[in-house]
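User: I am new to this structure and would like to understand the terms used to describe it. Please explain the reasoning behind each one.

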Amino acid sequence: MLTLDGFAVQYLYGARLFGGVDAEFRDGKIVAVYGGEGSGKTSFLKALCGAERAEGSVLLDGEPVVPKTDKIVMVFDDGAVFASKSVYDNLAYPLKIRGFDRAEIAVRVTAAAEETGISACLNMRARTLSPADRRRMSLARLLVRKARLYLVDEPAKGLTREDAEGVFGDFMSAARRLAKDGATVIYSTSDRAEALAAGGRIAVLVDGEVKQIGTYADIRRAPDSIWAAQAIDPYYNFLPCILEEQDGVPLLVFGEGDAVRADALRGRTAPGYMHREVYAGWYPGDADRSGKTAPTDCVSCDVSGYILRSADGIYERCGERRERVFVRPDAAKVTLFDRANECSIMTDGEVAEEKA
């Protein structure tokens with residue numbers, strides 16, 4: 001098991017990333033570290049394996065992680081470690097330096113190449129490989145030796161859509177096998193579909209901050225912040241309103257004559273927010289379909305159906321094209337956020353992070 005306690009990275013120029021994360025990643029699990037370019041994904045993985053110095057503690061099986069431990073396999077580049085050497089030699093190198101005999105090296109390299117579909121490339125020089133096969137060589141390097149923790153930085157980055165889908169599919173197949181054998185696999189990605197593909201926990205990174213760690217269901221039901229909700233669904237809505245109360249019933253007041261009764265929020269918000277402006281957030285499929293509407297300004301679609309957008313940028317996901325968008329939330333499914341830091345102010349209904 002990988003355990004983080006006060007995990008952060010402090011750089012000499014002043015930047016401090018991750019803000020002191022406490023988390024556990026259990027054996028046999030696959031975890032996605034999801035964020036855009038510059039969000040800190042690579043630094044997160046490097047600090048996990050000891051390649052970058054971290055504050056707090058990083059424990060693997062109860063022991064501090066140190067660089068170059070054989071319990072960890074790391075893949076951070078495109079696979080061409082020795083560009084002028086053959087694919088076979090690249091895959092064999094980590095085994096040679098650990099004293100494996102030639103017969104065992106041959107067995108392991110051949111098996112890893114077969115599993116990743118690059119058997120025909122073993123005698124080719126690494127620099128002559130296609131981008132997709134260089135990535136597959138990286139995956140094969142994951143498999144040549146056993147470890148307790150596998151870290152992979154963006155396994156399909158920089159490939160065409162078709163190649164990325166194929167390579168990422170190969171990676172997920174290998175990751176599931178490694179997890180089935182009891183290892184922990186952590187990979188980073190800037191692709192939402194890739195982040196959700198494993199069906200496990202997701203660490204959402206934004207600008208060097210870990211916004212939330214949880215399963216898709218955890219984050220969808222109780223996002224810790226607007227950032228985390230938008231990581232799950234880019235069409236997540238948030239709209240300023242005043243949190244009021246009438247006869248003991250919470251109201252979300254969006255403007256004069258525009259209030260939503262919110263019985264489901266009774267007793268579920270942090271103290272001090274009544275009569276203050278907050279954000280009301282909701283997923284585009286959670287609109288109040290008996291409430292206020294606005295003309296449809298744009299129609300698009302994804303695998304979940306049509307996405308209608310109002311001129312004010314409110315989204316609704318539905319199964320049909322319509323000329324009007326429902327632009328207010330179902331109060332039973334709304335989450336309220338602080339206007340300043342965009343963090344949830346809900347006091348119950350939040351999902352305690354499952355220790356996966």
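User: How much space lies in the second largest pocket?

Analyst: The model is a predicted one. In it, the second largest pocket holds about 350 Å³ of space. Its lining is made up of 15 residues, and Arg161, Ala164, Glu165, Asp191 and Glu194 are the ones nearest its centre. Helix H5 (161-180) and helix H6 (192-197) are the elements that give two or more residues to this lining. H5 provides the largest share, four residues.

User: What makes up the lining of the second largest pocket by class?

Analyst: Asp, Glu, Lys and Arg count as charged, and six residues of this lining fall in that class. A further five are nonpolar and four are polar.

User: What is known of the largest pocket, and which residues lie nearest its centre?

Analyst: The largest pocket has a volume of about 480 Å³. It is lined by 22 residues, with Met74, Pro94, Arg98, Arg141 and Arg145 nearest its centre. Strand E6 (72-75), helix H2 (87-96) and helix H4 (131-143) supply at least two lining residues each, and E6 gives the most, with four. By class, the lining has 15 nonpolar, three polar and four charged residues.

User: How do you know that the length of H4 agrees with its number of residues?

Analyst: The expected span is 1.5 Å times one less than the number of residues. For the 13 residues of H4 this gives 18 Å, and the end C-alpha atoms lie 19 Å apart, so the two values agree.

User: Why is H4 called mostly covered?

Analyst: A residue is called buried when its relative accessible area is under 20%. In H4, 11 of the 13 residues are buried, and the helix is accordingly described as mostly covered. Among them are Ala132, Asp133, Arg135, Arg136 and Arg141. The buried residues of H4 pack against E6, H2, helix H3 (102-116), strand E7 (149-153) and H5.

User: What makes helix H1 mostly covered as well?

Analyst: Helix H1 (residues 41-49) has seven buried residues out of nine. They are Lys41, Ser43, Phe44, Leu45, Ala47, Leu48 and Cys49. Just after H1 comes Gly50, with a positive phi of about 90 degrees.

User: Why is Glu154 called buried?

Analyst: The cut-off for a buried residue is under 20% relative accessible area. Glu154 has 9%, so it counts as buried. Glu154 is placed in the loop between E7 and H5. Beyond its neighbours within four places in sequence, Glu154 is in contact with Glu37, Lys41, Arg135, Ser188, Thr189 and Ser190. Of these contacts, Lys41 is one of the buried residues of H1, and Arg135 is one of the buried residues of H4.

User: What is notable about the phi of Asp247, and why is this residue called exposed?

Analyst: Most residues other than glycine have a negative phi. Asp247 is not a glycine, yet its phi is positive, near 55 degrees. Asp247 sits in the loop between strand E11 (237-246) and strand E12 (249-255). Exposed means over 50% relative accessible area; Asp247 has 78%, and therefore counts as exposed.

User: How do you know that His275 is exposed?

Analyst: The relative accessibility of His275 is 54%; the cut-off is over 50%, so His275 counts as exposed. His275 lies in the loop between strand E13 (258-261) and strand E14 (277-282). The phi of His275 is positive, about 70 degrees, although it is not a glycine.

User: How much of the chain is buried, and how many helices and strands does it have?

Analyst: Of the 356 residues, 47% count as buried. The chain has eight helices and 19 strands. Along its principal axes, the C-alpha trace spans about 80 × 45 × 40 Å. Among contacts between residues at least 6 apart in sequence, 65% join residues at least 24 apart.

User: What confidence does the predictor give the chain?

Analyst: The average pLDDT is 91, and 97% of the residues score at least 70. Over residues 349-356, however, the pLDDT is below 50; beyond near neighbours in sequence, this stretch has 21 contacts in the model.

Technical notes:
Residues are numbered from 1 along each chain as its sequence is written. This is a predicted model: local features need pLDDT of at least 70, side-chain atom pairs count only at pLDDT 80 or more; totals for chains, interfaces and linings use all residues. Side-chain values use heavy atoms; hydrogens and water are left out. On a 1 Å grid over the protein atoms alone, a cavity is a set of points where a 1.4 Å probe fits but cannot get out, and a pocket is an open set with protein on both sides within 12 Å along at least five of seven lines; lining residues have an atom within 4 Å of a point. Grid points are joined across faces, edges and corners, and a volume is the space filled by probe spheres set on the points. Buried means under 20% relative accessible area, exposed over 50%, partly exposed in between (1.4 Å probe, protein chains only). Contact means heavy atoms within 4.5 Å. pLDDT is the predictor's confidence in each residue, from 0 to 100.
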